[in-house]
Amino acid sequence: MSKNIHPLISVIIPTYNVDKYLNKCLQSISEQSYNNYEVIIIIDGSTDNSYQIAKEFCNTHKKFHVYYQDNAGSGPARNNGLRHSHGEFVIFIDPDDWIDKFYIEHLVFHWEKTKCDLIISGCINSFFKKNDTFKKYVIDKPEVINYNTIKEIRTNYITLCQKHLLSAPTRKLYKMDIIRENNIVFPDLRRSQDIVFNYKYYNYVQSLSVTDYCGYYYRINLSNYALRLKPEYYDTIKLLYTNIKNMHNNWKVPFDDVSCSTIYFNVITAYIESQILRKLKYDHILEDNIIMHIIITASPKGIYKKYLKKAIIAKQYNITKALIKLKIFFK
């Protein structure tokens, strides 16, 4: 790569039924101060006007390209986007989010300064009420971190997870050659496929930098997240925990079981909340050895989570349900 030419950045947008928000997302990218980029929009079987909006935008913006696929989920849509990409680096943006004018420029500048395999930035959480009325911004500004050895990177994986820096594929700059040379793809999961992609990529990272820059606007609609967790999601929780544990064993670095279990205890309680809200049973998952190991090993913070852990371990289902319903009531 010539020192005088900035790298080509591929921006991938998996899109499903977001016609209310898509134009704002695309417009924010078209106004970037950084010029050397391409945008790959994958329409994932949308049934609204998303495809038409994307096609019209592409007709007037040469850097933008749209492709249609049958509905398969955001993971396969991102994989499709990777297949159509030509950049040296890739950025993922969700179609209901948007970025400030200097977002791509800052990530590229930070890479040019650090030459790290993974660049992670902060974001601005943008809360909207159920009727799409704006409520507030909350800046999620991470501390500046630089890891330049494999040992630092691998011993701090759980720490970065606790800081919520390795879940979403957004707010990051990835090297395309690492993705392609190691055949890293998003799995065919409807939830948490992002975490799998990130730990697969992380396995090959030799340097990492976190910048406190916040130029990504993450839309949060104040509806109940737990309702989006399907009944079979507990299998995904087991998969994530087991794979992360095995990854540490392969790295030959200590696995912080308490911290990892605490992370996934919070996910399990969200899953149980989902089942209760749907009036479905959840007690069968407590017969699973991995799920129970996570619950027993976890060290949750706060009185609510501590009492909830005790009730779940004791299989006091009525108390568990009462605690969760109380939480929902006061939420």
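Which residue in E9 stands opposite isoleucine 119? In this predicted model, that place is taken by leucine 173. The pairing belongs to a set of three bridges that join E6 to strand E9 (residues 172-175), with the two running antiparallel.

Strand E6, spanning residues 118-128, is a good place to start. Eleven of its eleven residues are buried, so the strand is largely enclosed by the rest of the structure. Besides E9, E6 has partners in E10 and E7. With E10 the pairing is parallel and runs over nine bridges; here asparagine 125 of E6 has tyrosine 218 as its bridge partner. With strand E7 (residues 134-140) the sense is antiparallel, over six bridges, and isoleucine 124 is matched with isoleucine 139. E6 and E7 also make a hairpin, with five residues between them. In that turn sits aspartate 132, whose phi is positive at about 70 degrees.

E10 itself covers residues 208-221 and holds leucine 208. How buried or exposed is leucine 208? Its relative accessible area is 0%, so leucine 208 counts as buried, the cut-off being under 20%. Apart from neighbours within four places in sequence, leucine 208 is in contact with Cys116, Leu118, Ile120, Ile145, Asn146, Tyr147, Ile153, Leu160 and Tyr202. One of these, asparagine 146, is 62 residues away along the chain, yet the two C-alpha atoms are separated by 5.9 Å.

Now for the nonpolar cores. In soluble globular proteins, nonpolar side chains tend to be buried together. The largest core here has 64 residues, and the members touching the most others are Tyr157, Ile179, Leu208 and Ile272. A second core, separate from that one, has 34 residues, including Leu26, Phe64, Ile91 and Ile93.

Aromatic rings come up often as well. The count of aromatic pairs comes to 22. Among them is the pair of tyrosine 157 and tyrosine 202, which is edge-to-face, with 5.1 Å centre to centre and 70 degrees between the planes. The pair links distant parts of the chain, 45 residues apart: tyrosine 157 is in helix H6 (residues 157-162) and tyrosine 202 in helix H8 (residues 193-202). Tyrosine 157 is buried, at a relative accessible area of 1%, and tyrosine 202 is buried too, with a value of 1%. Tyrosine 202 also turns up in the contact list of leucine 208. Elsewhere, ring pairs tie Phe92, Tyr174, Phe186, Phe197 and Tyr201 into a cluster.

Helix H2 (residues 50-60) shows a clear division into faces. Its buried residues include Ser50, Ala54, Phe57 and Cys58. These cover an arc of only 100 degrees around the axis, which puts them on the same side of H2. An α-helix has 3.6 residues a turn, so residues three or four places apart point the same way. The face turned away from the buried side carries Asn59 and Thr60, both exposed. The cover over the buried residues of H2 includes strand E1 (9-15), helix H1 (22-30), strand E2 (37-44) and strand E3 (64-69).

Two lysines round off the picture. Lysine 55 lies over the face of tyrosine 51, at 4.6 Å from the ring centre. For lysine 63, the charged end sits over the ring of tyrosine 37, 5.2 Å from its centre.

Conventions:
Residues numbered from 1 in each chain as written. Predicted model: local features only at pLDDT ≥ 70, side-chain atom pairs only at ≥ 80, totals over all residues. Heavy atoms only, no water. Core = buried A, V, L, I, M, F, W, Y, C linked by side-chain atoms within 4.5 Å. Buried < 20%, exposed > 50% of the residue type's maximum accessible area, 1.4 Å probe, protein only. Helix = DSSP H or I, 4+ residues; strand = E, 2+ residues; numbered from the N terminus. Arc of directions from axis to C-beta. Contact = heavy atoms within 4.5 Å. Pairing = 2+ DSSP bridges. Phe/Tyr/Trp six-rings, centres within 6.5 Å; stacked < 30°, edge-to-face > 60°. Lys NZ or Arg CZ within 6 Å of the ring centre and 35° of its normal.
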